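These are my notebook entries on what I looked up, residue by residue and element by element.

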Amino acid sequence: MKTADKIRLARAAYKLVRFGLRLVGKNDRASVVRGQVRFDLELSEGIDFAIFIGAFERATQRALSKLVKSSSTVLDIGANVGAHTLLLAKLVGEKGRVLAFEPTDFAYGKLRHNLALNPELAARVRAFQCFLTVENNVAVPSTIYSSWPLVARGETHAKHLGREMPTASASSRSLDSVLSEAGVKNVDLVKLDVDGYECDVLRGASTLLTKMRPIFVMELAPYVLHERGASLEELISIFIRSGYQFFDERTGQALPSTAAQLRKLVGDGESRNVIART
């Protein structure tokens, strides 16, 4: 299903939920516990609303729950409000660690707030407000998509209906440099969802790919790669030359290893969640 269609369905569901909340004197703010994790949510935001109704990327959560072991070191690249970050913190246990990356002021603030609501889990997480790219100290895009509003709220993307948010406080770093500075010697898994900037992240992560060789749980969306001046061909080639294969996130079934074949599985405006592993 196209992302835009998912958002349209969410908008319809939100209207019903909002109507019910108004009847009992409540507004769009909600403090909830989902999967033993507390969240402070703004229900007019698509990601927050999906967390509220228990529908946020359930297949990805199931995949992460199967793949992440206790004491692991994992990365959440494109952490947004922290839904997967906090799940990962649960999964790695007291001896594990999570490095979470989010560049936009809007989502990073919400990530930090949700971490603060879960101090035991937050102790396992190090959050970075940075834009991961090929090298340190290059220009950061002034805005990046990190909001999916369920009510009219400014200009949105024509296909996925997201809204760009400022990155005024973000720095630019290569992933390899962050890991070296943090003293990380091994990474077991990476959740990667950066809406078209995947190639930028990976071009700055050669040590991660060739020496640490973690599992990747990631989104393939050819149309957003194209919008960022990259391509599915470039993304696939980065993985293939590092010895990776692709598998369907839901079924575990092996997927084609060429961009041409993979492109047939993902329509325009659509994405497909995959697992890449050596």
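What sign of phi does G93 take just after α4? I looked up the backbone there and found that G93 takes a positive phi of about 75 degrees. I keep in mind throughout that this is a predicted model.

**Entry: helix α4 and D76**

I then went back into α4 itself, which spans residues 83-92, and found eight of its 10 residues buried, so the helix is largely enclosed by the rest of the structure. The buried residues that I noted for α4 are A83, H84, T85, L86, L87, L88, A89 and V92.

From the helix I turned to D76, which sits in strand β3, residues 73-77. Its relative accessible area comes out at 0%, and since buried means under 20%, D76 is buried. With residues up to four places away in sequence set aside, I listed H84, T85, L88, L99, A100, F101 and K191 as the residues that D76 touches. With K191 there is also a polar contact between the two side chains, computed at 2.6 Å.

**Entry: helix α11 and S242**

For helix α11, residues 232-240, I noted L232, L235, I236, I238 and F239 as buried. Viewed down the axis of α11, these buried residues fall within an arc of 155 degrees, so they line one face of the helix. This made me recall that an α-helix has 3.6 residues a turn, so residues three or four places apart point the same way.

S242 belongs to the loop between α11 and β12, the strand of residues 245-248, and with a relative accessible area of 10% S242 is buried. Leaving out neighbours within four places in sequence, I found S242 in contact with L209, T210, R213 and T278. I also checked the distance to T210, which is 32 residues away along the chain, and the C-alpha atoms of the two are separated by 6.1 Å.

**Entry: Q129**

Q129 lies in the loop between β5 (125-128) and β6 (130-132), and at 15% relative accessibility Q129 counts as buried. Apart from neighbours within four places in sequence, its contacts include E102, P103, T104, D105 and Y108, and also S169, A170 and S171. I looked for a polar partner as well, and the side chain of Q129 reaches the backbone oxygen of P103 at 3.1 Å. For D176, which is 47 residues apart from Q129 in sequence, I noted a C-alpha to C-alpha separation of 16 Å.

**Entry: positive phi outside glycine**

L161, in the loop between β7 and β8 (163-166), has a phi near 65 degrees, a positive value in a residue other than glycine; L161 is buried, with a relative accessible area of 8%. D195, found in the loop between β10 (189-192) and α8 (198-203), has a phi near 50 degrees, again positive in a residue other than glycine, and at 16% relative accessibility D195 counts as buried.

**Entry: the cavity**

Last, I searched for enclosed space and found one cavity of 30 Å³ or more, with the largest cavity having a volume of about 30 Å³. Which residues line the largest cavity? I listed E45, I47, D48, N80, V81, F106, K110, S146, S147 and W148. Two or more residues of this lining come from each of α2 (46-52), α5 (105-116) and β7 (143-147). By kind, the lining divides into four nonpolar, three polar and three charged residues.

Technical notes
Residues numbered from 1 in each chain as written. Predicted model: local features only at pLDDT ≥ 70, side-chain atom pairs only at ≥ 80, totals over all residues. Heavy atoms only, no water. 1 Å grid on protein atoms, 1.4 Å probe; cavity = no way out; pocket = protein on both sides within 12 Å on 5 of 7 lines; lining within 4 Å. Points joined across faces, edges and corners; volume = space filled by probe spheres on them. Helix = DSSP H or I, 4+ residues; strand = E, 2+ residues; numbered from the N terminus. Nonpolar A, V, L, I, M, F, W, Y, C, P; charged D, E, K, R; others polar. Buried < 20%, exposed > 50% of the residue type's maximum accessible area, 1.4 Å probe, protein only. Arc of directions from axis to C-beta. Polar contact = N/O pair within 3.5 Å; in protein donor to acceptor, adjacent residues only side chain to side chain. Contact = heavy atoms within 4.5 Å.
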